[in-house]
Structure formats: C-alpha cells, structure tokens
Amino acid sequence: SKEMEIPLNIHIDNYEECSEMPEGPCQVEIYGIGSQIEVYETEEAFRASGSPMAEVSLIPIGTFPADPADDSVQPSPHILFAGKVLYVEKNSSAEPDDPNYFLFIQTLEITVNLYLQYEGEIKEGNTVYGVAWLYGNIG
C-alpha cells in the first residue's frame, strides 16, 4: 500500500476504537455505496459519452469549496468518480431496496469496494461513472 495524496472524507465506523492511535498514516479499507451509476462497455465508449472526467478519476465532494467566491466547505464522505471494474459479484436474489452488485473499482489512487443497484449487466473491464458515499474501518 502507499500513502494517498488526494484528501478524502470517509465515514469511519470504528472511530471510537481508534481514539488512542498515534497521528500519521493508517490503513483504511474503503467501501462505497454507489448512486447515479453509469456503466460503459469500454473506455472508448466512456470518452464518447462526452464526460469531462478521465476514465480513471476521482473528485472528492465536500473537501474543496465548490464556488471560488465562497471558501466555506461542507464536509461530505462522497466522491464523484470514474474507474475500471476489476471484480464483479452479482446478487440475483437481492431485495428491491438492496444492492444487487458488489464491485472492485480502480479509480484514481484507490480501489473502492462498491455496493450498488444496477438494472443492466456489469462485467470486469467495464468503466463505471457515478457518485459513491465512502465508509470504512481503520485497520
């Protein structure tokens, strides 16, 4: 693992257990709940969609001011991302309100374990674009 250079806000489930940890880098397994997900068969199809983002990219939401004239920031554990699908697990018996896919997504500097609902088919090698709410545990 390496030190990440992009600042992210992540909801940490076990933060109370880690109150005595020394300051400095730590390892966090990052999970996400995906929303507004778009799936592209290839990187070329993603580029042809007209998205201004690169095929592997990440924008942390709530880390930087959205408006240069207003420097206030509302912290948020959300990211806007595009990435490559490394692993796919489909749950065909998922309840209607539950995620029916579990994916490993390689995005800028991190791999996210992503849960989401999606009606179509997702395969390894597809490009996925959307929003994710990030959470995890400090290891």
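# A chat about a chain of strands and one helix

Visitor: Hi! In what order do the elements run from the N terminus?
Guide: Hello! From the N terminus on, the elements of the protein run β-β-α-β-β-β-β-β. Bear in mind that this is a predicted model.

Visitor: How many helices and strands does that come to?
Guide: The secondary structure comes to 1 helix and 7 strands.

Visitor: And how compact is the protein for its length?
Guide: The radius of gyration is 16 Å, close to the 14 Å that the globule rule gives for 139 residues, so the protein is as compact as a globular protein of that length. Along its principal axes, the C-alpha trace spans about 45 × 40 × 30 Å.

Visitor: What share of the residues is buried?
Guide: Buried residues make up 35% of the 139 residues. As for the surface, the protein exposes about 8,800 Å², and carbon and sulfur atoms supply 49% of that area.

Visitor: I'd like to set up electrostatics. How many positive and negative side chains are there?
Guide: There are 5 positive and 24 negative side chains in the protein. The centres of the two sets lie 15 Å apart.

Visitor: Good to know. What part of the contacts comes from residues 24 or more positions apart?
Guide: Counting contacts with a separation of 6 or more, residues 24 or more positions apart account for 67% of them.

Visitor: Let's do the strands. Which ones does S4 pair with?
Guide: Strand S4 covers residues 78-90, and 5 bridges join it to strand S3, residues 57-61. S4 also has 7 bridges to strand S7, residues 127-138, and 6 bridges to strand S5, residues 101-107.

Visitor: Parallel or antiparallel?
Guide: S3 and S4 run antiparallel. The pairing of S4 with S7 is antiparallel, and S4 runs antiparallel to S5 as well.

Visitor: Which residues could I click on to see those pairings?
Guide: For S3 and S4, try Ile59, whose bridge partner in S4 is Leu80. Leu80 also stands opposite Val131 in S7. On the S5 side, Val85 stands opposite Ile105.

Visitor: What happens with side chains along a strand like that, in general?
Guide: In a regular strand the side chains alternate between the two faces of the sheet.

Visitor: Moving on to S6: is it mostly enclosed or open?
Guide: Strand S6 takes in residues 110-116, and 5 of its 7 residues are buried, so S6 is largely enclosed by the rest of the structure.

Visitor: Which strands does S6 pair with?
Guide: S5 is one of them, joined to S6 by 7 bridges in an antiparallel arrangement. Tyr101 stands opposite Leu116 in that pairing. Strand S2, residues 28-40, pairs with S6 in the parallel sense over 3 bridges, and the bridge partner of Tyr31 in S6 is Asn113.

Visitor: How many residues sit between S5 and S6?
Guide: S5 and S6 form a hairpin with 2 residues between them. Glu109 lies in that loop, and its phi is positive, about 70°, although Glu109 is not a glycine.

Visitor: Is Glu109 buried, exposed or partly exposed?
Guide: Glu109 counts as partly exposed, at 28% relative accessibility.

Visitor: Where else should I look for a positive phi?
Guide: Look at Gln36 in strand S2. Phi of Gln36 is near 50°, a positive value in a residue other than glycine.

Visitor: Gln36, then: buried or exposed?
Guide: Gln36 has a relative accessible area of 66%, which is over 50%, so it is exposed.

Visitor: Back to S5. What does Phe102 touch?
Guide: Phe102, found in strand S5, touches Tyr31, Tyr87, Val88, Glu89, Asn113, Leu114 and Tyr115, leaving out residues up to four places away in sequence. The C-alpha atoms of Phe102 and Leu114 are 5.6 Å apart, with the two residues 12 apart along the chain.

Visitor: Why does Phe102 count as buried?
Guide: Its relative accessibility is 14%, and buried means under 20%, so Phe102 makes the cut.

Visitor: Last one: what about Thr127?
Guide: Thr127 is in strand S7 and counts as buried, at 1% relative accessibility. With residues up to four places away in sequence left out, Thr127 touches Glu38, Val39, Tyr40, Thr42, Glu43, Phe46, Glu55 and Gly83.

Notes:
Residues are numbered from 1 along each chain as its sequence is written. This is a predicted model: local features need pLDDT of at least 70, side-chain atom pairs count only at pLDDT 80 or more; totals for chains, interfaces and linings use all residues. Side-chain values use heavy atoms; hydrogens and water are left out. Two strands pair if DSSP finds at least two bridges between them. Helices (H or I, at least four residues) and strands (E, at least two) are DSSP runs, numbered from the N terminus. The radius of gyration is taken over C-alpha atoms; the globule rule is 2.2 Å times the number of residues to the power 0.38. Buried means under 20% relative accessible area, exposed over 50%, partly exposed in between (1.4 Å probe, protein chains only). Contact means heavy atoms within 4.5 Å. Accessible areas come from the Shrake-Rupley method with a 1.4 Å probe; for residues, only the protein chains shown count as cover. Lys and Arg count as positive and Asp and Glu as negative; His and the chain ends are not counted. The place of a charge is taken as NZ of Lys, CZ of Arg, CG of Asp or CD of Glu.
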